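Q: Could you take a close look with me at how the strands in one chain are put together? I'm new to this, so please go slowly.

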Amino acid sequence: MVPLMEWVNIILQGALLGGLYAMFAAGLSLIFGVMRLVNIAHGDLIVLAAYLSLLATDAFGLGPMTSLLVVVPLMAVIGYTLQRGILNQTLGPDLLPPLLVTFGLSIIIQNGLLELFTADSRRLQAGAVEVASLHVADGLSIGVLPLLQFVTAIAVIAVLQLVFYRTALGRAFRATSDDQDVAQLMGLDNRHVFGLAMALSLAVVAIAGIFLAVRTNFDPAIGPARLIFGFEAVIIGGLGSMWGTLAGGIILGVAQAIGAQLDPGWQLLAGHIAFLIILAIKPDGLFPKVQ
Amino acid sequence: MAGTPLLEVHGLDAFYGDFQALFGVSLRVGQGQVVAVLGANGAGKSTLLKSIAGLMASPREAICLDGEAIGSLRASDVVGRGIALVPEGRRLFPSLSVEENLLIGGQLGRPGPWTLARIYELFPVLEERRSQPSMSLSGGQQQMVAISRALMSNPKLLLCDEISLGLAPIIIKDIYARLPTITAEGISLVIVEQDIVQALTAAQHVYCLQEGRMVLEGTPTTLTREAISAAYFGV
């Protein structure tokens, strides 16, 4: 039997991991919300951000956290350019072209990274913070890094929420999402608005990618699985709800942690099962957006 | 109408795919003038307004504002030149509150008389409802938001597409009673209406569209009821 304290520990670790999944999901949800685009390359863009951070730490001797200062704006620029250059041309009444194009993009990114960085597993070294932990109670301590990751996730979602509901940019996002034609009558160029949304999404992706790279080994092929985690967190939480996305990430993380405890092979399976159960009970997710 | 008109539409054709909706339509709107465009359902009235507002592709020279050819501009650029459209069916942004709908109308920051304060003076009820979701308002109040949202861009020319649609007669009368306040700021109006009586009372110049062609124009005083009815119903 696993002692009670250990279960508390497992659930806590799972919840903290959920913060990372929520960050995967937030960018995905934002893009779907603003322009009804399902970005199949989302996971690969997370991995791309991880490699960019690796380059930045290698080339400039930056720490992983300081590399955010370079990688976040860089990914935002990549997002804007990608949207204006390619993705805007795929948007229309038909949902299939953006799916196909981002699927192709996913393959291109994976193979490009494979060509440049080989299939070897890499990892970002964060130094002493990786092993630092806070002692909470007997048999229960929290890693500083997972905690930092979780706090960052909350901050990211709070900022997104603020941007969406308290700024002119967020107003433009919501208006364009409501009615593209009428938004143009307000002087909003939807090509530009979508570019800004993708820039914001990839800025979040950059933060998620760096935390992923510090937390675990990564290689060019792990993107699609991150996409699935992101999707599952979005669906569990309910489309269009940022805080729901955080809840979705936590549920997924806790389910995976419990599964892994029961049997190491069950980690991913347990997450998918939790997702399927919630999908069956509440198809709209736990916190669907009400209008 | 002396000098360069504010808006000049010349020989405009418009298409939905293979279907031609407008055939060589011409129209002039003078500074500060109120022009009504009448016609039955499907005559091309909304298409004409959408073309002027830039929501439908047009040849560059077919539409001129203050002598500048603007036909090929996108809708988001047209509003910056001073043309605002109140779309048919109001089409407020459901995710935005009343005040957010107004603010987004003014987001380009074109200078002019229309500010939130001025709008709330024109439609005081909107100030009471400023924080409410836009769709929680009554139809008449929603129409006030739609008109105000367009005014917030401080246009020279306001295009109104069936602002009486689906509203009670008393509300229609109330909304039309505010139009002189708007034109008093020097704004020109193009009113598209099925409600002929309202339109003829408000307008100084009337055009009739029939199956995509301009079939009649004149002033409300010179055009007879019979002529308008004939143009309207195509009999």
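A: Let's start with a bit of vocabulary: two strands are said to pair if DSSP finds at least two bridges between them. Keep in mind, too, that this is a predicted model.

Now pick out chain B and find β7, residues 157–161, and β8, residues 188–193. These two strands run parallel and are joined by 5 bridges. If you'd like one spot to zoom in on, go to Asp161(B): its bridge partner in β8(B) is Val192(B).

Zoom out a little, and you'll see that β7 and β8 belong to an open sheet of 6 strands. Reading across chain B, the order is β6-β7-β8-β3-β9-β10, and the pairing is mixed. At the edges sit β6 (83–86) and β10 (213–218) of chain B, each of which pairs on one side only. The sheet isn't flat like a board, either: ignoring direction, neighbouring strands are turned by 20° against each other on average.

Some helices go with this sheet. Helix α6 of chain B, residues 139–151, lies across β6 and β7 and runs at about 170° to β6(B). Helix α9 of chain B, residues 225–233, lies across β3 (34–38), β9 (205–210) and β10. The angle between α9 and β9(B) is about 35°.

A handy thing to know when you look at any strand: in a regular one, the side chains alternate between the two faces of the sheet.

Next, slide back towards the start of chain B for another bit of pairing. Strand β1 (residues 7–16) and strand β2 (residues 19–29) run antiparallel, with 7 bridges joining them. Leu12(B) is a good landmark here, standing opposite Val25(B) in β2(B). Together β1(B) and β2(B) make a hairpin, with 2 residues between the strands. Have a look at Gly17(B) in that turn, where phi is positive, at about 60°.

β1(B) has another partner as well: strand β4, residues 63–65 of chain B. That pairing is antiparallel too, over 3 bridges. To spot it, find Leu7(B), which stands opposite Leu65(B) in β4(B).

One last stop is where chain B meets chain A. The contact takes 20 residues from chain B and 19 residues from chain A. There are 3 salt bridges between the chains, and one to look up joins the side chains of Arg91(B) and Asp179(A), at 3.0 Å from N to O.

Note on methods. Residues are numbered from 1 along each chain as its sequence is written. Chains are lettered from A and ligands numbered from 1 in the order in which they are written. This is a predicted model: local features need pLDDT of at least 70, side-chain atom pairs count only at pLDDT 80 or more; totals for chains, interfaces and linings use all residues. Side-chain values use heavy atoms; hydrogens and water are left out. Contact means heavy atoms within 4.5 Å. A salt bridge is a side-chain nitrogen of Lys or Arg within 4 Å of a carboxyl oxygen of Asp or Glu. Helices (H or I, at least four residues) and strands (E, at least two) are DSSP runs, numbered from the N terminus. Axes are lines fitted to C-alpha atoms, for helices over the stretch in contact, and angles run from 0 to 180 degrees between N-to-C directions.
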